[in-house]
Every structure is written in C-alpha cells, then in structure tokens.
Amino acid sequence: MVPLDHADLVCHYMHGIGVEIGAFKTPIPGIRPIYVDRFTHYAGEPSGAQFFGDACELPMRDSSLDYVASSHLIEHSANPIAAFKEWCRVLKDRGIIYMVVPHRKFTFDHTRPLTTVEHMVEDFHRNTSQVDGTHIDDFTLGIDWILFSPATPTERIAEERLKLAEEYRKNIAAGREINIHFHTFEPEQMRALIAAANRLSIGARFHVLRLEDLFSRSRPDGFLVIAQVSKPGAPVSRRWRWPWQHAQAADVLLSDARKM
C-alpha cells in the first residue's frame with residue numbers, strides 16, 4: 001500500500017483556526033495555522049514562528065482552537081502527557097490533534113530502546129520539565145550516529161558522543177533546557193500512551209480517529225495520529241472552515257502572548 005501524505009488528510013480534518021508547534025523549515029502543507037516555537041532561531045536560522053510557545057505552554061486561550069498540529073515534535077518534549085494536557089486546554093470540544101511522530105524503527109533512534117508508557121506516566125506525575133538529564137546518555141550513546149551526523153568521520157564518533165553528552169550535562173547543571181529526543185515512539189505504544197493519558201486528569205479525553213504507519217509519503221520515517229478531543233460539559237464547537245483573518249487569530253491569543 002502506498003503511504004498517505006498530508007494532502008490526503010488535512011482538508012478533511014483541519015478546518016478553522018489552529019496552531020502548529022515547532023514547524024521550523026517544514027510546516028505541514030495545506031493549512032494556515034498560527035505558528036509557535038520555543039526558539040527564535042534554530043541551527044543558526046530563524047524559526048519562522050509568529051509567537052513564542054511550547055508544546056506544554058501555548059499562548060492561546062482555553063477552548064479557543066479547532067486543531068493543534070505538530071510534526072516530529074512530541075519526541076522533543078520531556079513530558080508528553082503534559083503536552084497532551086495543554087493541547088486539551090486550548091482545543092474546543094471535538095477539536096482535532098494532528099500529530100506526526102518519528103517511528104523508532106526508521107530513524108536514528110532505532111538503536112535505542114522503546115520508551116515505556118509507565119516511564120512517561122511517571123514523568124507526568126513528577127512534572128518533568130525540559131531541564132531533565134535523565135535521557136542524556138540514552139540519547140547520545142544510543143542513537144545511530146551515522147544517521148544522526150553523517151558527516152562525522154567514523155574514527156571521531158565516540159569522541160563526538162561524549163562531547164555532546166558533556167554539553168548537555170553542563171546545560172542541565174546550569175538550569176538550562178536541552179533539546180534532544182527524550183523518548184522513542186512506535187504506533188501501538190503511542191496508542192497505549194493516549195489510553196494512559198485518558199485515565200489521568202488532563203481535562204478531556206482523546207479518541208483516536210486514525211493511526212497511519214509509515215507517514216508521510218514524502219518522508220516515510222514516521223507515523224500519524226489523528227485524534228479528536230472530547231470535553232464533557234463543553235458546548236459543541238461549530239465545525240466549519242473559516243477564512244484566515246488576523247482578527248480571528250487575535251481572538252484566540254492570550255493577552256500576554258509574545259511575538260517572535
């Protein structure tokens with residue numbers, strides 16, 4: 001079966017006003033969201049975001065968005081369930097989560113163990129933040145360095161692993177966030193993680209509508225999760241496509257939202 005691509009799905013699921021988190025140079029095609037990012041610049045280049053935001057702290061009002069979109073983003077969150085809770089906060093009842101996740105078996109994470117759901121539930125209970133060094137060695141010593149950094153000469157790989165680990169440890173010691181793949185993911189484990197999140201107090205429930213393996217056709221190293229949020233007691237949101245208007249975008253932003 002030929003893998004699907006964004007064009008096959010976004011028009012069906014993502015209408016209205018939404019946000020894409022951490023798009024950088026590869027935004028999801030076919031949508032016109034508000035772009036947020038933790039970084040003004042990444043790898044020496046502007047992030048392209050309009051507002052400062054994080055997977056766990058979005059600059060949007062409660063129940064104001066029709067969708068939350070991300071691609072190759074959730075692995076950079078030290079606390080995925082906290083991110084899910086934040087997405088539930090900003091989404092309307094019946095709002096959509098559209099999430100592309102790197103598949104452990106098809107990325108440089110393939111040599112690392114699969115993160116357990118129990119570990120990520122514990123991260124949620126411990127309020128784990130981005131200033132967390134738990135996975136430094138797991139990441140730096142465990143990834144397939146040839147895929148991670150193809151330009152590194154083979155004889156220098158061991159040295160580069162240790163150098164990067166030390167850099168991350170210094171940042172943690174100084175109370176600074178680090179940017180790594182904290183966790184590894186596969187489709188059925190993600191389904192189990194969503195089920196675990198539904199058993200916790202995150203303000204809503206996720207209903208998985210689609211789970212597509214080897215997504216997308218243009219970059220078949222991930223998988224796609226499309227989920228709908230149910231917020232008991234909330235009014236049913238109207239599901240139509242709005243034209244993009246800045247006044248509508250302003251209506252969903254918090255008053256202290258920081259422009260990039």
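In this predicted model, a salt bridge joins Lys 25 to Glu 45, with 3.3 Å between the closest N and O atoms. Lys 25 sits in the loop between β1 (18–21) and β2 (34–37), while Glu 45 belongs to strand β4, so the pair ties together parts that are 20 residues apart in sequence. Side chains of opposite charge can pair when their charged atoms come close. The two partners can also be described by their accessibility. Lys 25 has a relative accessible area of 54%, which makes it exposed because the cut-off for that class is over 50%. Glu 45, at 34% relative accessibility, counts as partly exposed.

The count of salt bridges comes to 18. Another of them pairs Arg 169 with Asp 137, whose closest N and O atoms are 2.9 Å apart. This pair links distant parts of the chain, since Arg 169 is in helix α6 (residues 157–173) and Asp 137 is in helix α4, 32 residues apart. Arg 169 is partly exposed at 35% relative accessibility, and Asp 137 is partly exposed with a relative accessible area of 39%. A salt bridge is also formed by Glu 160 and Arg 156, where the closest N and O atoms lie 2.6 Å apart. Here Glu 160 is buried, with a relative accessible area of 16%, whereas Arg 156 is partly exposed at 35%. Finally, Arg 38, Asp 54 and Glu 177 are linked in a network of salt bridges.

Stepping back to the whole chain, the protein contains eight helices and nine strands. Its radius of gyration is 18 Å, close to the 18 Å that the globule rule gives for 260 residues, so the protein is as compact as a globular protein of that length. Taken along the principal axes, the C-alpha atoms fill a box of roughly 60 × 45 × 35 Å. Of the 260 residues, 52% are buried. The accessible surface comes to about 12,700 Å², and 54% of this belongs to carbon and sulfur atoms. Contacts across the sequence can be counted too: among those with a separation of 6 or more, 72% are between residues 24 or more positions apart.

Helix α3 (117–125) offers a good example of how a helix can have two sides. Its buried residues are Val 117, Met 120, Val 121, Asp 123 and Phe 124. They cover an arc of only 155 degrees around the axis, which puts them on the same side of α3. An α-helix has 3.6 residues a turn, so residues three or four places apart point the same way. On the other side of α3, Glu 118 and His 125 are exposed. What do the buried residues of α3 pack against? Their partners are α2 (80–90) and α7 (187–198). After the helix comes Asn 127, which has a positive phi, near 55 degrees.

The loop between α3 and α4 (136–142) holds Asp 132. Is Asp 132 buried or exposed? With 10% relative accessibility, Asp 132 counts as buried, because the cut-off is under 20%. Its side chain is joined to that of Thr 134 by a polar contact of 3.0 Å. Leaving out residues up to four places away in sequence, Asp 132 touches Ile 172, Ile 178 and Phe 182. By contrast, Leu 4 is 35 Å from Asp 132 in space, C-alpha to C-alpha, and 128 residues from it in sequence.

A second loop residue, Ser 47, is placed between β4 (45–46) and β5 (51–52). At 4% relative accessibility, Ser 47 counts as buried. Which backbone atoms lie within reach of the Ser 47 side chain? A polar atom of this side chain lies 2.7 Å from the backbone oxygen of Phe 39, and the side chain reaches the backbone nitrogen of Ala 49 at 3.4 Å. Not counting neighbours within four places in sequence, Ser 47 is in contact with Phe 24, Asp 37, Phe 39, Thr 40, His 41 and Met 260. Phe 39 thus appears both in this list of contacts and as the residue whose backbone oxygen lies 2.7 Å from the Ser 47 side chain.

Note on methods
Residues numbered from 1 in each chain as written. Predicted model: local features only at pLDDT ≥ 70, side-chain atom pairs only at ≥ 80, totals over all residues. Heavy atoms only, no water. Helix = DSSP H or I, 4+ residues; strand = E, 2+ residues; numbered from the N terminus. Buried < 20%, exposed > 50% of the residue type's maximum accessible area, 1.4 Å probe, protein only. Contact = heavy atoms within 4.5 Å. Polar contact = N/O pair within 3.5 Å; in protein donor to acceptor, adjacent residues only side chain to side chain. Arc of directions from axis to C-beta. Rg over C-alpha atoms; globule rule 2.2 N^0.38 Å. Areas by Shrake-Rupley, 256 points an atom, 1.4 Å probe, with all protein chains shown as cover. Salt bridge = Lys/Arg side-chain N within 4 Å of Asp/Glu carboxyl O.
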